[in-house]
Amino acid sequence: MKTVSTILFLILIAAAGLSQEYEHPCAQSKTQRFQSLMKINQVNYPGDSKIDVTYYKLDLKLTHTPNYLIGNVVVNAKIDTVSASSVYLDLATNLVVDSVLLFGSSRPFIHSANKLTITLDRVYSEGENISLAVYYQGVPQAVSGFGVSFRFDTHNGQPSIWTLSEPYGAKEWWPCKDTPADKADSADIWITVSTSLIPVSNGKLMDVIVNGDGTHTYKWKVGYPIAQYLISLAIAGYTEYITYYHYSPTDSMPITNYIYPESFTQVKPQVDKTSLMLSIFEEQFGPYPFLDEKYGHAQFGWGGGMEHQTISSMGSWSDGIIAHELAHQWYGDLITCKDWQNIWLNEGFATYSEALYIEAVQGTAAYNNAINNRMNSAKNAVGSIYIQDITDVWQIFNYTRTYVKASLVLHMLRGLVGDETFFNILRTYSYHPSVAYGVAVTEDFQAIAENVSGLDLGYFFQQWIYGEGYPRYSIVWNKYNAGSNLWNLAVNINQQTNSNPAYFTMPVQIKVSRAIGDTTVIVFNNAQNQAFEIAIEGEPASISFDPNNYILKTVLSIVTGVEGDVSLNSYSLEQNYPNPFNPSTKISWQSPVGSWQTLKVYDVLGNEIATLVDEYKPAGSYEVEFNASGLSSGIYFYKLTTGIYTDSKKMLLIR
């Protein structure tokens, strides 16, 4: 789904990814790691865990004036526990339940607290099937989620009825198991309305029955697995506009658009772009998942869009939102997040797909500009991409975190593994038997990414999905002539302390500019303060850190010390004075080049006692005082660490 606030934001990702010049050890074989990460998480949601829904049939009659719904919903399910004598469906309490049938026979029920509990006719064992029919009526009230789960609405003075059930609104208009973790294998949606209105829903239109009483019934059939929140209604006096997506020289699929008549002239050029988007995404993600049915759009009264399976509900028609909802057909509908904590698998992927469309039609420069804008936005994200509080819909669908920052996870993954591997990951993920037409959590995607790339990506997903913030780098570099035209490039990378993780582990590109031409090296930065020494042919003139903007980051500074032929032995760490001492002593040292420097004191067991210096210092001579008040007599050590120099000395405290 694309919320109203996301419409103006687009993203791209360009350039080839990091070459695998660094080593990334993996403790397990790919097969072992793949199997260990393919896990099933416990999901605590509305929805009876005792049943596994296999089929829904919604038979609904709706009137606009007066606003009213009369429904008969069939729910087929298997018992998914050792035994069950009762089950429940989620259904808003304000709707009146007239009767409940089990295999055609009436059963007692209790309807309270948005649950419809049904007493079965006997104890059912695991694997046995049940078929329930719920007859109910009333005026749906949208109170959860975005407050638009069901709307009796108007457009241009004319009636319209529409739904948007994500995340918790399906139960507000029909009885279901209200969790994305349990997809039905198939569904039928029959809608009876006035003949002046066209009722649109998921899947393929099988029949239209004219009832002879001023109403007609549209019978829609869904032949693919579908989550409850993706079942939708969109009803209005639409203009129907059909084009076709030719996915092979001899085969095509209808792109069926239902547009308000007053909007048709404006909307038509936009929906005509859908076929191109389908061809782009098919190349990147694999075949469109619902080729046997349709794709299309149904205009509705909300300002954003919603990826209802095979028929996105649309309140806006920018390129970005059309691409976003289309991409959801793969990431959200073909593969659905198993729980709302992992909603990034829907929204981050769809938001990133906007980028892929722009990259395909506008090129790399537009992409790079959009990525930069998006990184600026993502820095405002608070908390982890993995949602901690799913009781608050605006936490689930927080734009800067769930959409923008989550999309940059894919941008960074693409930079890490390279283009070819990245798109192999996406195509493999789309149709992997463990998730295709089913549900997924982060670990499922991670396992597939690792299996395809051959890399251990645990650190990557742990910090970017479950962690918070982003790295803030300070870089100090120097060059040393090693004879002839050979140079040593010394680079020190320091990260400000983050909350969780304390620092970020990432492969980093460093572009080195030289008179003989630029070169790019990759270092694997896996410490908060880390020094690298790199042999370079040709004198370095300057460096660029992460030149392709692969990492969500802030570079606080890039500075260099004294240039030229500086020998390493011009560093010095002096003996403290006085020594022995009580209780204070002074420690001095010299640094011929600017660098990030730390000076720490340790006891004889190696325990850190004090940090006297931890900051960038330019070239020069320095002195600090160490006060040992509170320490016992004995031998202590002090240690100086710079980007390329380390030394330590011992000192004696005598009380």
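In the predicted model, helix 4, which covers residues 319–327, is mostly covered, with 8 of its 9 residues buried. The buried positions of helix 4 are Gly320, Ile321, Ile322, Ala323, His324, Glu325, Leu326 and Ala327. This helix belongs to a protein chain whose secondary structure comprises 11 helices and 36 strands.

The overall dimensions of the chain were computed next. The C-alpha trace spans about 105 × 55 × 45 Å along its principal axes. Of the 655 residues in the protein chain, 57% are buried. Among contacts with a separation of 6 or more, 70% join residues that are 24 or more positions apart. The protein chain exposes about 24,800 Å², and carbon and sulfur atoms supply 49% of this area.

Strand pairing was examined in two regions. As a general principle, the strands of a sheet pair through backbone hydrogen bonds, in either a parallel or an antiparallel arrangement. Strand 8 (residues 129–138) runs antiparallel to strand 2 (residues 68–79), and 10 bridges join the two. Within this pairing, Leu69 stands opposite Gly138 of strand 8. Strand 8 also pairs with strand 4 (residues 96–102), again in the antiparallel sense, over 6 bridges. Here Val96 has Gln137 of strand 8 as its bridge partner.

The second region is an open sheet of 4 strands, arranged in the order 27-24-23-29 with mixed pairing. Strand 27 and strand 29 (554–560) stand at the edges of the sheet; each has a single partner strand, so one side of each is left without a neighbour in the sheet. Neighbouring strands of this sheet are turned against each other by 20° on average, with direction ignored.

Within this sheet, strand 24 (residues 486–495) and strand 27 run antiparallel and are joined by 9 bridges. Leu489 stands opposite Ile534 of strand 27, and Trp487 stands opposite Ile536 of strand 27. The side chains of strand 27 (residues 529–537) alternate along its length. Gln530, Phe532, Ile534 and Ile536 point to one face and are buried, whereas Asn529, Ala531, Glu533, Ala535 and Glu537 point to the other face and are not buried. Ile534 and Ile536, the residues that stand opposite Leu489 and Trp487, thus both belong to the buried face of strand 27.

Phe504 is located in the loop between strand 24 and strand 25 (506–514). Because its relative accessible area is 0%, which falls under the 20% limit, Phe504 is classed as buried. When residues up to four places away in sequence are not counted, Phe504 touches Gln463, Trp464, Glu468, Gly469, Tyr470, Pro471, Gln495, Asn498 and Asn525. One of these residues, Gln495, lies within the range of strand 24 (residues 486–495). The C-alpha atoms of Phe504 and Asp546 are separated by 14 Å, and these two residues are 42 residues apart along the chain.

A nonpolar patch was identified at the surface. The patch has an area of about 540 Å² and is made by Val604, Leu605, Ile635, Phe637, Leu652 and Ile654. One of its members, Leu652, lies in strand 36 (residues 646–653). Leu652 has a relative accessibility of 31%, and this residue therefore counts as partly exposed, a class that lies between the limits of 20% for buried and 50% for exposed residues.

Notes. Residues are numbered from 1 along each chain as its sequence is written. This is a predicted model: local features need pLDDT of at least 70, side-chain atom pairs count only at pLDDT 80 or more; totals for chains, interfaces and linings use all residues. Side-chain values use heavy atoms; hydrogens and water are left out. Patches are made of residues with over 30% relative accessible area and no salt bridge: like charges are joined within 9 Å, nonpolar side chains (Val, Leu, Ile, Met, Phe, Trp, Tyr) within 5 Å. Accessible areas come from the Shrake-Rupley method with a 1.4 Å probe; for residues, only the protein chains shown count as cover. A salt bridge is a side-chain nitrogen of Lys or Arg within 4 Å of a carboxyl oxygen of Asp or Glu. Buried means under 20% relative accessible area, exposed over 50%, partly exposed in between (1.4 Å probe, protein chains only). Two strands pair if DSSP finds at least two bridges between them. Contact means heavy atoms within 4.5 Å. Axes are lines fitted to C-alpha atoms, for helices over the stretch in contact, and angles run from 0 to 180 degrees between N-to-C directions.
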